[in-house]
Amino acid sequence: MNYTYFYKNKFDHLDKFSEASANKYDLFISAYNESTRVRKVYDNIEASTKHWLVLPEYQFEEIEITHLEQPCFNYSDKIDWDEDEIILDYYENNKKMIGSSNIAIDITGLLRPYIVFLIRFLHSKNFRKVDFIYSEPYEYAKKEDTEFSLDYFKIREIKGCLGSHNPETNNDILFLGSGYDYERMIVVAKEKKEARKIQLLGFPSLQADMFQQNILKSYKAEEDAFSGEFDLDSSNIILSPASDPFVTAQYLSDYIKGKEFTNLYLCPLSTKSQTLGIAIFFINECLEKPASIIFPFCKKYSRETSTGISKVWIYTVEFP
């Protein structure tokens, strides 16, 4: 499969994005946070029905979301639910509409485990294709010091993405999508200390200075982890466009082709576009292999981490 044949479209202006979505979607789904990007895409997309999802990790109080348009599916009190339980509950409540609609899903406010499970779930339900939307920021609020996640508590597989693994670990590979959350990179690297670590970095980055900020975080992770956890040698790095899930999936596919390994682990801590690419690669090439997508789960995520909106992407994912 050549993933680069998948369709994508970039919009530098919201009015052009709005025109492109006119008369196209029956249902639009977006996860609410306080990002300007999330709000502007919601307001500018044309869709017959729009749904808000409110995830528990953003920890909104009821009074803070009374302004949201209905229907709004508020899971703020479901702090003990995993990503699969929330997606499945939403699906069961909207099964008829989802099954018969042209759908667009904004991944800008969705947390990475939800993005991955959603791809896995839609594949299991035999969806043919779905449009995923992502809006890029002008910049992150505190540059490389921007805090995205808080209250880390465990590493586990993302639901639906646990493979049947070999007991031997002498030739394990860990693809580590490297982003700004360097503390999470460290705990994953330590968890899979015997694996060869391949860092997936976003280049070209979303903005010119973001690659430098990302590299700073990677070096910080290398310094803080014990010896041997990271290697920034070019042979252990994949450079893939931060905004292109399909090129990301292709590069992962190309890297693994013909290679023997005992176990394969993927950890999406880079951009959400690259997270989408990791999930696409997984459902197409990893379901029958000793492969899993793992993630360092946190109880809380920042509601707003960026300023402005620079462009909007539509990615059309076609399922096998």
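## Contacts of Leu 150

Two residues are in contact when heavy atoms of one lie within 4.5 Å of heavy atoms of the other. In this predicted model, Leu 150 touches Arg 184, Cys 298, Lys 299, Lys 300, Tyr 301 and Ser 302, with residues up to four places away in sequence not counted. Leu 150 belongs to strand β8, which covers residues 149-157.

Is Leu 150 buried, exposed or partly exposed? Its relative accessible area is 24%. Buried means under 20% and exposed means over 50%, so Leu 150 counts as partly exposed. Asp 181 is 31 residues away from Leu 150 along the chain, and the C-alpha atoms of the two are separated by 9.9 Å.

## The chain as a whole

The chain contains nine helices and 15 strands. It has 320 residues, and 57% of them are buried.

Contacts can also be sorted by how far apart the two residues are in the sequence. Of the contacts in the chain with a separation of 6 or more, 79% are between residues 24 or more positions apart.

## The seven-stranded sheet

Strands of a sheet pair through backbone hydrogen bonds, and the pairing is either parallel or antiparallel. One sheet in this chain is open and has seven strands, in the order β1-β15-β6-β5-β2-β3-β4, with mixed pairing. Which strands stand at the edges? They are β1 (8-11) and β4 (72-74). Each has a single partner strand, so one side of each has no neighbour in the sheet. From one strand to the next, the twist averages 20°.

Within this order, β2 (residues 25-31) pairs with β5 (residues 103-106) in the parallel sense, over four bridges. In this pairing, Ile 29 has Ile 105 of β5 as its bridge partner. A helix also lies across part of the sheet: α9 (residues 272-285) crosses β6 (129-136) and β15 (311-318), and runs at about 5° to β15.

## Strand β12 and its partners

Strand β12 (residues 264-268) has five residues, and five of the five are buried, so the strand is largely enclosed by the rest of the structure. Which residues lie on each side of β12? Leu 264, Leu 266 and Pro 268 are on one side, while Tyr 265 and Cys 267 are on the other. Both faces are covered, as all of these residues are buried.

Strand β12 pairs with β9 (residues 173-177) in the parallel sense over five bridges. In that pairing, Leu 264 of β12 is the bridge partner of Ile 173. Strand β12 also pairs with β13 (residues 291-301), again in the parallel sense, over three bridges. Here Tyr 265 stands opposite Ser 292 of β13.

## Two helices in contact

Helix α1 (residues 14-21) packs against helix α2 (residues 36-44) at an angle of about 45°, and the two axes are 9 Å apart. Why is α1 described as oblique to α2? Angles under 35 degrees count as roughly parallel, and 65 to 115 as roughly perpendicular. The angle of about 45° fits neither range, so α1 is oblique to α2. The crossing of α1 past α2 is right-handed.

On the α1 side, the contact is made by Leu 14, Phe 17, Ser 18 and Ser 21. On the α2 side, it is made by Lys 40, Val 41 and Asn 44. By type, these residues divide into three nonpolar, three polar and one charged.

Methods. Residues numbered from 1 in each chain as written. Predicted model: local features only at pLDDT ≥ 70, side-chain atom pairs only at ≥ 80, totals over all residues. Heavy atoms only, no water. Pairing = 2+ DSSP bridges. Axes fitted to C-alpha atoms, helices over the stretch in contact; angles between N-to-C directions. Parallel < 35°, antiparallel > 145°, perpendicular 65-115°, else oblique. Left-handed = near helix turned anticlockwise from the far one by under 90°. Nonpolar A, V, L, I, M, F, W, Y, C, P; charged D, E, K, R; others polar. Buried < 20%, exposed > 50% of the residue type's maximum accessible area, 1.4 Å probe, protein only.
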